[in-house]
Every structure is written in C-alpha cells, then in structure tokens.
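The exercises below are meant for a reader who is meeting this structure for the first time. Please look at the sequence and the model, and try each task before reading its solution.

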Amino acid sequence: MKNWLTIGQFSKAIGVSAKALRLYEKMGLLRSHTRGENGYRYYDDSQLALAKRLKEFKDLGFSLAEIKSLLQSDHALDSKKLKITMRTRLDLINQEAELLKEQKKQIETILSSIEKKSEPLKADERRVIMSLYGKVSIVVTGVDGLEKTAEYIQKHFRNAHQDVPILQWKENMDLPVEKPYVLVVSEKELHSDNVLKIHPDVVVIKSLSTYSEEIEKLYLKLFSGVGPHVNTVINADDRAAVALVAHPTIKKSRYFYFSKNRALEKQIKNIGGIVSDGEEFEIYSFNMKSRVHLKFGRILSFDEEVALISSLGAVMTVGLEQEQLQIS
C-alpha cells in the first residue's frame with residue numbers, strides 16, 4: 001500500500017473534495033483502485049491523469065452526466081465528438097459575452113443621463129432604476145412548487161419592511177396598478193392570450209413540463225414587452241427551461257440561473273445566479289462587487305430548497321440586501 005494514496009491525499013493532489021470523489025465513484029466516473037481492510041478508499045498514481053481530466057471538464061461548467069460522456073469520448077479518442085461539444089460550449093460563452101456587453105452599454109447610458117441631467121430618462125431606463133427599489137411585478141411560472149417560491153419572495157420583502165401581496169392569475173383579472181406584487185401563473189394558464197397584458201418586470205421560471213415549439217410560444221407571451229429592464233431567473237437544472245432561455249426574445253432580458261449542481265458554479269459565476277449544495281449557497285453577480293456566501297438556517301426538503309434559491313434569484317434582481325434575505 002506504500003505507493004497508494006488515501007482519499008485525502010488524492011483529493012488534495014487534484015484539488016477536489018473527498019465528498020466529490022465519493023460522488024464520482026457513485027456515478028461510475030472515477031472508482032478508487034481498492035479498498036483496505038478498514039474500508040478506506042485507496043487510489044493509484046496512474047489515476048491522477050483521469051481525475052485531473054475530469055476536473056478540467058467540471059471547471060468548464062459541464063454537468064457530471066456530460067462529463068461521463070466526454071470522458072468516454074476522450075478515452076476512445078473521438079475527437080469529432082469532443083470538438084462538437086466544445087464548440088457548443090464556446091457558442092454559449094460568446095452569447096453570454098454579448099449579453100453582458102449590452103447590459104454594460106445600457107448602464108453606461110443611464111449613468112450618463114443621470115450625471116448630465118440634460119434630458120429625462122427613457123421608459124426602459126426608468127424601469128431599470130425602479131427595479132433597484134423593489135417597485136416591480138414578479139411572475140412565478142412553471143409546473144411545480146410555484147406557491148412555495150412566491151411565499152419565500154414575500155418573506156424576503158417582509159424582512160425589507162415591504163408588504164407584498166401574492167396573487168393567483170385568473171383569466172380576466174385586473175392587475176394592481178401599485179407595485180410590488182407577486183403573480184403566480186402556472187404553465188397551463190399561459191394558454192390565455194390575456195397573459196400578453198401582464199408585462200412582468202421579473203420572471204421566475206421554475207420548470208417546464210417539456211420543451212416544444214408549442215410550449216415555447218406559451219412562455220414567450222410573458223416576454224411581449226421584453227427588454228433589458230426585464231429580469232429572468234431560470235432553473236439551470238431543468239433542461240427544458242435552459243432550452244427555452246436560448247430563444248432570442250428571452251435573451252434580450254437580463255437573466256440569471258439557480259442550481260443545485262455545483263458543477264455549474266463556474267458558469268453561473270460568470271453569468272450570475274445562485275448555486276446551492278443543500279447546506280450552503282453562493283450568490284454571484286446581481287450587480288454585486290463580490291459573491292455572497294451563506295448557510296441555510298435549517299435542513300430543507302428538496303422542494304423547499306429549490307423554492308428558496310429560486311426566490312433569492314427573484315429578489316436579488318431588485319436590489320434587496322443580504323441581511324434582508326429569509327434563509328431560515
């Protein structure tokens with residue numbers, strides 16, 4: 001056993017946690033070389049190259065399922081498949097860079113108008129500024145756990161000393177003139193053409209039933225007045241939701257992700273959003289100078305955790321401070 005590495009030594013050598021190595025073994029990505037009589041995992045030096053390759057893919061933002069496929073292609077020297085996958089990832093990065101460029105341009109324009117005080121702000125510029133003060137309408141949509149997310153959003157605002165009502169969308173309802181408010185609109189209710197009148201400032205997309213052109217058209221109704229003043233919060237763990245956000249219309253908004261998959265952390269760090277592992281979470285961007293690292297106040301069920309981190313995405317887009325967040 002002299003030349004073998006313990007899980008602690010191996011994890012230190014490649015720069016990942018022992019917890020991550022146990023997960024990789026469970027998924028069949030990287031198995032320990034052997035187990036000692038004490039039940040401890042031991043690794044061989046020859047496994048370091050594979051482990052470092054795995055980490056490289058993880059750092060690029062690939063999911064563990066994608067990494068498994070990539071490692072198989074890498075082992076089989078399937079360069080064509082690797083090129084396609086990497087090209088797809090590069091295209092996504094280029095798209096995000098263009099969006100950030102547009103956001104930067106808009107903020108510079110608003111700052112210039114404020115500093116010069118020579119002309120009134122345009123409507124979309126006023127809405128961007130108002131969003132920083134929480135005077136917004138927030139739509140929570142999708143198929144699961146919408147009410148839980150709305151309730152958490154309400155709690156965050158309550159901590160900020162704002163009374164925000166939760167409304168359930170109805171076919172012919174008159175929306176409040178005064179903001180803020182939270183509006184729950186389930187996917188099945190998006191069939192109504194009256195949805196076109198909602199014009200939300202923030203849209204939280206929890207999860208889709210599936211992805212198709214028909215479903216896409218339903219959700220696009222919420223973006224009839226889309227622009228940089230609209231914030232979209234998306235479940236990065238729901239493939240259908242991620243596919244939806246690739247639509248050019250939605251990409252006109254400022255969008256952020258929430259995820260329970262730590263493998264997506266680097267990507268979310270660049271784009272903006274929230275990553276959770278069930279015990280603690282990181283908040284990136286939302287016009288903050290640095291990340292926010294917080295721990296949950298208690299153990300949450302899966303549905304509660306998703307509801308909480310999606311609600312955090314919604315309220316962070318409107319400028320709530322760290323101490324105003326309800327995380328217990």
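Ser259 stands opposite Val275 in β10, and this pair of residues is a convenient place to begin reading the sheet. The model is a predicted one, in which local features need pLDDT of at least 70 and side-chain atom pairs count only at pLDDT 80 or more, while totals for chains, interfaces and linings use all residues. Residues are numbered from 1 along each chain as its sequence is written, and side-chain values use heavy atoms, with hydrogens and water left out.

**Exercise 1. The sheet**

Task: starting from β9 and β10, work out in which order the nine strands form the open sheet, and find which strands are at its edges.

Solution. Begin with the pair itself: β9 and strand β10 (residues 273-276) run parallel and are joined by three bridges. Helices and strands here are DSSP runs numbered from the N terminus, helices being H or I with at least four residues and strands being E with at least two, and two strands pair if DSSP finds at least two bridges between them.

Next, extend the pairing in both directions, which gives the order β5-β6-β4-β7-β8-β9-β10-β11-β12, with mixed pairing. The edge strands, each of which pairs on one side only, are β5 (166-168) and β12. From one strand to the next, the twist averages 20 degrees.

Finally, look at what lies on the sheet: α11 packs there and touches β4, β7, β8 (231-235), β9, β10 and β11, and its direction makes about 155 degrees with that of β10. Contact means heavy atoms within 4.5 Å, and the angle, on a scale from 0 to 180 degrees, is taken between N-to-C directions of axes fitted to C-alpha atoms, for helices over the stretch in contact.

**Exercise 2. Strand β6 and its surroundings**

Task: decide how far β6 is enclosed by the rest of the structure, and describe its pairing with β4 and with β5.

Solution. First consider burial, where buried means under 20% relative accessible area, exposed over 50%, and partly exposed in between, with a 1.4 Å probe and protein chains only. Six of the six residues of β6 are buried, so the strand is largely enclosed by the rest of the structure. One side carries Tyr181, Leu183 and Val185 and the other Val182, Val184 and Ser186, so that both faces are covered.

Then turn to the neighbours: β4 and β6 pair in the parallel sense over six bridges, and β5 and β6 do so over three. Val184 in β6 has Val140 opposite it, and Gln168 also stands opposite Val184.

Last, check the loop between β5 and β6, where Pro180 is found. The peptide bond from Lys179 to Pro180 is cis, with omega near 10 degrees.

**Exercise 3. The largest nonpolar core**

Task: find which element gives the largest share of the largest nonpolar core.

Solution. A nonpolar core is a set of buried Ala, Val, Leu, Ile, Met, Phe, Trp, Tyr and Cys residues joined through side-chain atoms within 4.5 Å. The largest has 37 residues, and those touching the most other members include Ile138, Phe157 and Leu325. Among the elements that give two or more residues to this core are β4 (137-142), α7 (146-159) and α11 (302-316). The largest share, eight residues, comes from α11. Another core, of 32 residues, lies apart from it and has Leu222 and Phe223 among its members.

**Exercise 4. Two residues in helices**

Task: is Glu305 buried or exposed, and which residues does Leu54 touch?

Solution. Glu305 lies in helix α11 and is buried, with a relative accessible area of 5%. Leaving aside its neighbours within four places in sequence, Glu305 is in contact with Lys260, Ser276, Asp277, Gly278, Phe296 and Leu300.

Leu54, found in helix α3 (residues 48-59), counts as buried at 1% relative accessibility. Not counting residues up to four places away in sequence, Leu54 touches Tyr24, Leu29, Leu30, Ile67 and Leu71.

**Exercise 5. Two positive phi values**

Task: where are His161 and His199 found?

Solution. Most residues other than glycine have a negative phi. His161, in the loop between α7 and β5, has a positive phi near 65 degrees and counts as exposed at 76% relative accessibility. His199, in the loop between β6 and β7, has a positive phi near 50 degrees and counts as partly exposed at 39%.
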